[in-house]
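Take a look at the protein shown here. This short report walks through its fold, one helix pair and a few single residues.

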Amino acid sequence: MEDFRYYADCFSSLHTAMKLGKPAPHKALLLLSVIDLVKRGIITENQIELSDVLVKTFNANAKKFYANSPIFKPEVTKHYFHMQHEPFWSSVVSSDCVETNLAA
């Protein structure tokens, strides 16, 4: 139960940019996309690769939740990188990819 509380607290206080007085939804959409891929059995470990399926899932969620937004554009790679500033997310860079680990 402590893990749930920890992640609930972290997810409810994401560090987000503000644009025209509105918090950017990108990190929340990235998390929703990761949760969707876990639910579908595509992500099975705490390592989250910036894969085509993650990008497609993020773009689908962006289209679903803010397709007509005049101020927010879906850019998963930038927000995938900026997630490393959250306490539950760390990035590992290798010569051929960037790998992300969720804190356990």
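Which pattern does the protein follow when read along the sequence? The pattern is α-β-β-α-β-α-α-β-β. In total, the protein has four helices and five strands. Keep in mind that this is a predicted model.

**The whole chain**

The protein has 104 residues, and 32% of them count as buried. Its accessible surface comes to about 6,900 Å². Carbon and sulfur atoms account for 57% of that surface. Now look at contacts between residues at least 6 apart in sequence. Among these contacts, 57% join residues at least 24 apart.

**Helices H2 and H3**

Find helix H2 at residues 26-39 and helix H3 at residues 52-66. How do they sit relative to each other? Their axes come within 9 Å. They cross at roughly 125°. An angle between 115 and 145 degrees counts as oblique, so H2 and H3 are oblique to each other. The crossing of H2 past H3 is right-handed.

Which residues of H2 meet H3? On the H2 side they are His26, Leu29, Leu30, Leu32, Ser33, Val34, Asp36 and Leu37. On the H3 side, they meet Val53, Leu54, Thr57, Phe58, Asn61, Ala62, Phe65 and Tyr66. Sorted by class, this contact has 11 nonpolar, four polar and one charged residues.

**Four residues to find**

The table lists four residues with their places and relative accessible areas.

| Residue | Place | Relative accessible area | Class |
|---|---|---|---|
| Leu20 | loop between E1 and E2 | 69% | exposed |
| Pro25 | loop between E2 and H2 | 22% | partly exposed |
| Ser33 | helix H2 | 0% | buried |
| Glu86 | loop between H4 and E4 | 3% | buried |

Start with Ser33. This residue lies in helix H2. Is Ser33 buried or exposed? Buried means under 20% relative accessible area, and Ser33 has 0%, so Ser33 is buried. Leaving out residues up to four places away in sequence, Ser33 touches Leu54, Thr57, Phe58 and Asn61. Those four names also appear on the H3 side of the helix contact.

Next comes Glu86. Look for Glu86 in the loop between helix H4 (76-82) and strand E4 (89-93). Its relative accessibility is 3%, so Glu86 counts as buried. What does Glu86 touch, not counting residues up to four places away in sequence? The partners are Ser13, Leu14, His15 and Lys27.

Pro25 sits in the loop between E2 and H2. With a relative accessible area of 22%, Pro25 is partly exposed. Leaving aside neighbours within four places in sequence, Pro25 is in contact with Tyr66 and Phe72. Now compare Pro25 with Phe65. They are 40 residues apart in sequence. In space, they are 9.2 Å apart, C-alpha to C-alpha.

Last is Leu20. Its place is the loop between strand E1 (18-19) and strand E2 (22-23). Leu20 is exposed, at 69% relative accessible area. What is the phi of Leu20 near? The value is near 55°, which is positive, in a residue other than glycine. Most residues other than glycine have a negative phi.

Methods
Residues are numbered from 1 along each chain as its sequence is written. This is a predicted model: local features need pLDDT of at least 70, side-chain atom pairs count only at pLDDT 80 or more; totals for chains, interfaces and linings use all residues. Side-chain values use heavy atoms; hydrogens and water are left out. Axes are lines fitted to C-alpha atoms, for helices over the stretch in contact, and angles run from 0 to 180 degrees between N-to-C directions. Helices (H or I, at least four residues) and strands (E, at least two) are DSSP runs, numbered from the N terminus. Angles under 35 degrees count as roughly parallel, over 145 as roughly antiparallel, 65 to 115 as roughly perpendicular and the rest as oblique. A crossing is left-handed if the near helix is turned anticlockwise from the far one by less than a right angle, and right-handed if clockwise. Contact means heavy atoms within 4.5 Å. Ala, Val, Leu, Ile, Met, Phe, Trp, Tyr, Cys and Pro count as nonpolar, Asp, Glu, Lys and Arg as charged, and the others, Gly among them, as polar. Buried means under 20% relative accessible area, exposed over 50%, partly exposed in between (1.4 Å probe, protein chains only). Accessible areas come from the Shrake-Rupley method with a 1.4 Å probe; for residues, only the protein chains shown count as cover.
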